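Reader: I should like a close look at a single part of this structure, with the cut-offs behind each term.

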Amino acid sequence: MKAKLSLILLVICLSLMGGCSEYFMENGKSNLKIVPFKADFTVYNHSDINDRSCGEMPIFFLTMKGEGNITHMGKITTTMTFCNNMEDGSYWGTTGWFVAANGDTLFLEIPEGQIVPNDESNSDYYQAKFNDPMYFTGGTGKYEGASGMAMTKAYVHDVPEEWHTDFFSTGKLILVKNKNK
């Protein structure tokens, strides 16, 4: 699995380099700016339990919405949709976005991941966790042409009346300079 993940990351990095070539050099100077990405946000379930677009039970199509804070974006709202197998904890096809207060949007994808039981010291509150790569896939305004990656570092509070997920994500965001500062 680690070899497969390394190969996937290598392909993505090479793709990012190729896809960004039009932005990479202007007058011999880089047009890309790499900044740290740090996000603290919470999402809540907004799913339609009758939506069977991912398959039959125990597989669900989930929509999670929330808000929080992200470096270089400030206060944000977010929406994420994905397929989740509640039996084995696998999830796939995650797409989503972060919207800053000014309306600029950063798009994201998580190709696949695994939700596992939480064995950390915070397991009395968070029953499950996941820490999978989240890729930035462009956006609007300041985030047009953005790329990069962060790890989700997410914890699930799995109590029916209070079910939510808290993210403490970190990584790198690659911005195209001179994009609607």
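The disulfide is taken up below, followed by a threonine and the protein as a whole.

Reader: Which residues does the disulfide join, and where do they lie?

Author: The model is predicted, with local features requiring pLDDT of at least 70 and side-chain atom pairs pLDDT 80 or more, while totals for chains, interfaces and linings use all residues. Residues are numbered from 1 along each chain as its sequence is written, and side-chain values use heavy atoms, without hydrogens and water.

The structure holds 1 disulfide, a term for a pair of cysteine sulfur atoms within 2.5 Å. Cys 54 is joined to Cys 83, with an S to S distance of 1.9 Å. The torsion about this S-S bond is about -75°, so the disulfide is left-handed. Because Cys 54 lies in the loop between β3 and β4 (59-70) and Cys 83 in strand β5 (residues 74-85), the pair ties together parts that are 29 residues apart in sequence. Strands are DSSP runs of E of at least two residues, and helices runs of H or I of at least four, numbered from the N terminus. Both cysteines, Cys 54 and Cys 83, are buried, that is, under 20% relative accessible area with a 1.4 Å probe, protein chains only.

Strand β3 (residues 32-45) contains Thr 42. The side chain of Thr 42 makes a polar contact with that of Asp 166 at 2.6 Å; such a contact is a pair of N or O atoms within 3.5 Å, one able to donate a hydrogen and the other to accept it, and residues adjacent in sequence count only if both atoms are side-chain atoms.

In the protein overall, there are 2 helices and 13 strands, and 41% of the 181 residues count as buried.

Technical notes: Buried means under 20% relative accessible area, exposed over 50%, partly exposed in between (1.4 Å probe, protein chains only).
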